[in-house]
Amino acid sequence: MRSINKNMQRPMFKKKSRLSSSSTIKSLPKELLVEIVASVASHSFIDLHNVKKSCKDLLEAAEDNYVYRRVSLDKLSFIPRSSNDKELSFLKRCKENQNTESLYREGLRECLGNENTEGLRLLDMAAKEGHKEAKYVYGMILLCSSRQDEKLIELGLRHLRFLRESKCVVKTRKKVEEFVRIIIWKNKRMVISRINRKLPLCPFKNTCKGWRVKKGRWTLHDDDDDDIVIDSCEYCRWDYELKFFYRLMNIN
């Protein structure tokens, strides 16, 4: 009986050369890597952290200023922990690179805790970049503190109209309320020196047709009720919203 060659028992296949994932990443332009990492960061701070641990090239891309500008802060506490140097350093870089959530958070904390204009400046910056909560807070502050300045009133209305047209006034207000309550609970004090008047925006309260919600109720439960009706008074709509804002800011 003839012996069978062992090599004949197992067919030999030539291994295909595969480009490793690290080689693939190295072949990409740095600008593209930064854009990819920034896109990941904009959805989740935790995902950014995981990406940074995956390889050296992505770690370097993650340190680009553009990533700090776009990173989401949703998973981070509204009030930074003073004992956590890494967190404070991270948030500092976010602010330096005009991360809108960072500007909004610090701006509102400044407005609620100190009598200066720094908070308003930061809120203004975030609002101009389209941050919804910043638009709401800054717009409301302009409406209730600048009744004699038509330009500032119009600026405030532009920010708030954007939210109303986007059907998110109520949703945005609730997010702001959540943040404000945390600040109050932590600091036990609030100061917004610019909010010092409660005069109505509408000068024709006695004769004005007023404003109604979509379903005929006076209570605005959700953004679907907030229809823009041609015959309704826009000033009355924002006078209604100012009542919520005054209560939120503990203004009697």
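**Exercise 1. Find which residues of the largest nonpolar core touch the most other members, and which helices build this core.**

Step 1. Among the 38 residues of the largest nonpolar core, those that touch the most other members are Tyr104, Leu108, Leu123, Tyr136, Val137 and Leu143. A nonpolar core here is a set of buried Ala, Val, Leu, Ile, Met, Phe, Trp, Tyr and Cys residues joined through side-chain atoms within 4.5 Å; buried means under 20% relative accessible area, with a 1.4 Å probe and protein chains only.

Step 2. At least two residues of this core come from each of H8, helix H9 (118-128), helix H10 (132-145), helix H11 (150-165), helix H12 (169-187) and helix H13 (234-248). The most comes from H10, with 9 residues. Helices are DSSP runs of H or I with at least four residues, strands are runs of E with at least two, and both are numbered from the N terminus.

Step 3. Take Val137 as an example: leaving out residues up to four places away in sequence, Val137 touches Tyr104, Leu108, Leu123, Val176 and Phe245, where contact means heavy atoms within 4.5 Å.

Step 4. Another core, of 20 residues, lies apart from this one, and Ala41, Ala61, Ala62 and Leu73 are among its members.

A word on the model: it is predicted, so local features need pLDDT of at least 70 and side-chain atom pairs count only at pLDDT 80 or more, while totals for chains, interfaces and linings use all residues. Residues are numbered from 1 along each chain as its sequence is written, and side-chain values use heavy atoms, with hydrogens and water left out.

**Exercise 2. Work out whether Arg105 is buried or exposed, and what its side chain reaches.**

Step 1. Locate Arg105 in helix H8 (residues 100-113).

Step 2. Arg105 counts as buried because its relative accessibility is 5%.

Step 3. Follow the side chain of Arg105 to the backbone oxygen of Leu73, at 2.9 Å. A polar contact is a pair of N or O atoms within 3.5 Å; within protein, one must be able to donate a hydrogen and the other to accept it, and residues adjacent in sequence count only if both atoms are side-chain atoms.

Step 4. Beyond its neighbours within four places in sequence, Arg105 is in contact with Leu73, Asp74, Leu76, Ser77, Phe78 and Phe179.

**Exercise 3. List the buried residues of H9 and say what covers them.**

Step 1. Gly119, Leu120, Leu122, Leu123, Asp124, Ala126 and Ala127 are the buried residues in H9.

Step 2. Their cover includes H7, H8, H10 and H11.

Step 3. Look just past the end of H9, where Gly130 takes a positive phi of about 95 degrees.

**Exercise 4. Determine how the chain is built overall.**

Step 1. Count the elements: the chain has 13 helices and 0 strands.

Step 2. Turn to burial: 40% of the 252 residues count as buried.

Step 3. Check the contacts between residues at least 6 apart in sequence: 66% of them join residues at least 24 apart.

Technical notes: Buried < 20%, exposed > 50% of the residue type's maximum accessible area, 1.4 Å probe, protein only.
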